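Here is a walk through some features of a protein model. Take a look at the structure first, then read on.

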Amino acid sequence: MLRLALLPLGSWSGRFAIFVLAAVVLVAAVAPALAPYDPLANHFDAAGQLLRLDPPSARYKLGTTYYGLDVLSQLIYGTRIVLVVGITCAVLIGVIGTNVGLVAGYYGGRVDGLLMRLTDLAFGIPFLPFVVMLVALLRPSLWNTIVAISMLMWRTSARVIRSQVLSLRERGFVRAARIAGASDLRILYVHIFPNVLPMVLLYVAFDIAYAVLAEASVSFLGFGDPNQVSWGQMLYLAYVSGSIRQAWWWTLPPGLAISLFVIAVFLVGRNYERLTNPRLR
Amino acid sequence: MAFWRYAGRRGLHTAVTLLLLVGFMFVLFRMIPGDPTTMMLGTGELPAEAQQRLRVLWGLDRPLWQQFIAYALNLLQGNLGMSFYFRRPVSEVIAPMLANTVLLMAPVVILAIVIGVAGGSWLGWRRGGRAEEIGAVLALIPRALPVFWTGIVLLALFAYQFRWFPIGGIREAFFFPENWWQRLPFFDITRHLVLPVATGVLASVADPLMIQRTALLEVRHEDFMVLARARGLSGRAQRRLARRNAILPVLTYSAIMVGFAFGGQVLLEVVFNWPGIGRLMVDSVTQRDYPVAQAAFLMMAAVVVFLNLLVDLAYGWLDPRIRGG
Amino acid sequence: MSAMRVTDPARGQGAMRRRAVLQFLAALGVTVPAGMVDAVLGAAAAQPAPGSPVPRLGVFTPTWPDMVELWRQLSRDWAPLGIELDIQQGTLDTFVAQVVAEQKLPHMGSMSWGGAPDRLDPDYFISEMFHSRRDIKGGLNFGHYHSAEFDRLADAQRAETDVPKRQQLVREAQRPIVEDSPALILFHRDIIHAYNKARFSGVTPIFGNGIGFPYMPMAYMGLTPLTPRKFIKITTIYDIASLNPFLTPEIYNSTTLRLMYATFVTRDAKADLMPWALESWSIVDPKTVDIVLRPGSKFHDGKPATVDDVKFTFDFINKWKFPALSRVSDAVESAEITGDHTVRLKLRTVYAPFVANVLGYAFLAPKHIWENLPSGLATPADWPNDHPVGSGPWRYGEWKKGEFIQFAANPDFFIKPKLEGMVVMPVPQMESMVGMLERGDSDMLAWNLDMTLGARISKSADLEVVRTPTHGQHEVRLNLAMPPCDNKAFRIALQHATDRKKLLDIIFSGAGTVSQGAPITPALTQWANPDIQAPAPSIDQARAALKDGGFSWNGEGRLLMPAA
């Protein structure tokens, strides 16, 4: 198990990725101590004027936003949202996708037919417009964004897990368990599930990345939770206030932060991919 | 015979999926709080009696199930209904936006697949080397950038800073060419296309690339490749053979990509002010213009589902083992 | 699942959802920054018992960044009163759907009302927002303000056609609004537009319209080209939805179409009423108005415009009762031709803003076109009207949805445009609009700029920024049906705790007029009441007002409801 966890450290790209992810987790954990200011506090200059779009300085290392909020503090607090969104979505997607895949692949027949039609349905629905629709239905909030993202993104892992289960179902150890009188549930979760686990983890890893990108996109379209200091929300506000070109300190950091995080997740995923598919090694 | 039975079954599945979709969309849109009759007024005023007249006119006063039956019957006759917001047939609203999106996304999809297959083949052939490691990481980077951010950065550089390309839109309203090359056909549209297409390709090239690479790596171990090597085929001939046999997964994927291209590129359309179907979809949702939103979602889903059907049938035709499962 | 249940905001479900988020975040070990989750359990739903803590107050606000910032400020500024806010956001469409159409305002909500020309007459902001008659679904009195005294004054000013007398009534009607404070009217944000002065001269800034909005067509009449290109390119944020002027009451769409379909009267450069399709009008008695068509008027297809068309227009509107023109059919009982150019309108009731809001909104429709529509339409409002023919200063050129709408000058109009044409381009993003103006891709930016962008644009030698005051306003409406907002002392305390000047400075760099607490801007001197004043900003006075009202505070500083 430990060897599995340390696997990404075997390559330079993996080491880089682990470093980035560890840094994000660390920053998120100590955000209040690390952030120089409250991310939602307005800052004023000595004369009492609002520090609107103030360029980076010693006091505000990444400058200020249109309403005089400290960009660096927002960036630091944004790590929390990224982790909450990434992990929650990944767990939800993992749970739904894995179970749909397991049940459909194992039982086959009508159950399989129905679940696969649902999966086709999920594939057929355009992702962002659907998320926007759900958020309109449920009101913009972080939790609703998470729910909306998860409601569609399980589709890929469900399909992949199902095809894995289809081949595992006919393997000797499953037949043996069945002959020994094991219940369906036991066979599914004790015998088959461990064998698809690497695949599940792989997809969960990629889902973290896609979920973070999706949250940023939803926020950018203006359907994010305006109370959150998410990186996507920062970009949205920079964009709608027309400050993209003027305030590079407000535009570049959140974009780079999202990209760095997503690249790191991709790279970790890639290292595990070699595990599930030895031919890639 | 077996193939036709398989085809029939898959066709039936497709029909069931589409039917589920129609029902699902219908119910979902009507769950969104908000009366469509209030949507056309912004913050203007509309007396309650006038609103009720509208509701009757638009058939919203009838029970939900009656509305659904009327909708489904119309749909079967190819009638998508009237847009609440535009008060025109939905097809008239959707068609020009769809054309604009195709104009934008066709080059994106084609370029992404061509570049992806070429790059993926190159990487796949150089497995394990440092070049491959770096190449694979490089290919992942644009995929990791939020597409709207890539677009903004490209705009900031090439439209605002260097002023090589326009800021957005699909064409300049009343463009007057100033010299011979501006007079070339499609000059105006082409220069409007460059940045959004570049952004789209950057965002979508990684997937076909990685798929092609993986497929190529897998193919290398197949018997026919071992045989080819044993028979002493030249490196170039070997590569060509491998590429041809590794192309299937990318073709499958391109079906998905075409589907996503129809509706998934709202962000490109927003950043580049491109009047396309993605923005129409999002707008019609917020405006409670159910007929347009439903039709757009449905059309998009139908494209995906049919492309999947085609791919499945192609596989079934080529590989008899699939027909059973 | 019944449709009824889901149209409800489903408060119970919402609370559960929020509780789930909190628990979930706690389980992850995430400490939640203030306001991170819009959570309080059972907010708003329960009636707080006497002496119990005031619940967290529900707030509904549109998602616009300025509104989000407004509530960040107010949460902080009101915290010393011992209250907390539960802020929920929605798009403008959601606001209209839930707060206006369904009358489901939580404790309070914020909105900004644009400066449409029909809101220049004080009747709109007075009657529509605060008259008890408009406390109905779809009405704008969604804060449920009921005051017999105010209703009497509001009705009286509406029925008073003598201008000085009406002025007096309008001024008196503003007093109960300030005293009862059913809303915190905050400020009137200036309209800031910009244009390319190297290419065009002769802009006409009009109160409430700026230089670029289509609300008042006189704004475009003076535009003069300085370069060989004789048409102007204007960017704005919206596209129109339809070319049919009978369809939509939405301000932007309806005023854009009225560039082609001349209204009977319009507003001049000083925002005073002036005849437009008419040559003159006269009030015969409070329920009879004679209107005189401008002789020699022509429609864009060359056919003469006659009194037959005028009569037809009113009959047509009365026959079809178009929702978008209900104010016309509600006001006009009949139209009779009484001379070569004169039509006598009989009104259903005495309505003081008749000329401004009915004759300024109704437009002259060509009989020969609307009489001969294809059959099979449920209503003429459904006709696409792909080639609008009106009698206004601009003729229809081309509309490409999402790209542009193009107009050509109408040389037959009584004031000849100095331009050959106009192209209006919808550009949904401010960033792009500014960029297009700076690069010369557009000549006028006709959407609300803020001071920061304005200052940036002013740096360019060719560009000029124009600031115009407006009667449009930002307000916070309080729900008087929900404790503690039903308590006048509480409302007065909120007034004291709200520093309008500071808010205007932070949110709009001070570009605007601070409100006196009444819905009429002080800049509109003929209607504003100079003697009223919003409560002075002072936390001490706010706390004193609460104490006088029986409120108290617990050990943690939380506000407690008055004891029974």
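## Two rings in chain B

Start with Phe158(B). Its relative accessibility is 22%, and because buried means under 20%, Phe158(B) counts as partly exposed. Phe162(B) also gets the label partly exposed, with a relative accessibility of 42%. Keep in mind that you're looking at a predicted model.

How are the rings of Phe158(B) and Phe162(B) arranged as an aromatic pair? They're tilted, with 55 degrees between the planes and 6.0 Å from centre to centre. Over all chains, the count of aromatic pairs comes to 47.

## Ile167(B) in its loop

Now find Ile167(B). It belongs to the loop that links helix H6 (147-161) to helix H7 (187-204) in chain B.

Is Ile167(B) buried or exposed? The relative accessible area of Ile167(B) is 2%, and residues under 20% count as buried, so Ile167(B) is buried. Leaving aside neighbours within four places in sequence, you can spot what touches Ile167(B): from chain B come Leu155(B), Ala159(B), Tyr160(B) and Phe272(B). Chain C joins in too, with Ser432(C), Gly435(C), Met436(C) and Arg439(C) in contact with Ile167(B).

For a sense of distance, try Pro36(B). Along the sequence, 131 residues separate Pro36(B) from Ile167(B), and in space their C-alpha atoms are 34 Å apart.

## Chain B as a whole

Zoom out to chain B, and which elements do you find? There are 14 helices and zero strands, so reading from the N terminus you meet α after α. The C-alpha atoms fill a box of roughly 85 × 60 × 35 Å along the principal axes.

Chain B has 325 residues, and 55% of them count as buried. Take the contacts in chain B with a separation of 6 or more: 74% of them come from residues 24 or more positions apart. On the outside, chain B exposes about 14300 Å², with carbon and sulfur atoms supplying 67% of that area. As for charge, chain B has 30 positive and 19 negative charges, and the mean positions of the two groups are 11 Å apart.

## Rings in chain C

Which residues make up one aromatic cluster in chain C? Look for Phe246(C), Tyr261(C), Phe312(C), Phe316(C), Phe322(C), Phe363(C), Trp370(C) and Trp383(C).

Chain C also has rings with a charge over them. The charged end of Arg229(C) sits over the ring of Phe231(C), 5.4 Å from the ring's centre. Arg477(C) has its charged end over the ring of Phe142(C), 4.4 Å from the centre.

Terms used:
Residues are numbered from 1 along each chain as its sequence is written. Chains are lettered from A and ligands numbered from 1 in the order in which they are written. This is a predicted model: local features need pLDDT of at least 70, side-chain atom pairs count only at pLDDT 80 or more; totals for chains, interfaces and linings use all residues. Side-chain values use heavy atoms; hydrogens and water are left out. Helices (H or I, at least four residues) and strands (E, at least two) are DSSP runs, numbered from the N terminus. Buried means under 20% relative accessible area, exposed over 50%, partly exposed in between (1.4 Å probe, protein chains only). Contact means heavy atoms within 4.5 Å. Accessible areas come from the Shrake-Rupley method with a 1.4 Å probe; for residues, only the protein chains shown count as cover. Lys and Arg count as positive and Asp and Glu as negative; His and the chain ends are not counted. The place of a charge is taken as NZ of Lys, CZ of Arg, CG of Asp or CD of Glu. Rings of Phe, Tyr and Trp (its six-membered ring) pair if their centres lie within 6.5 Å; planes under 30 degrees apart count as stacked, over 60 as edge-to-face and the rest as tilted. A charge sits over a ring if NZ of Lys or CZ of Arg is within 6 Å of the ring centre and within 35 degrees of the ring normal.
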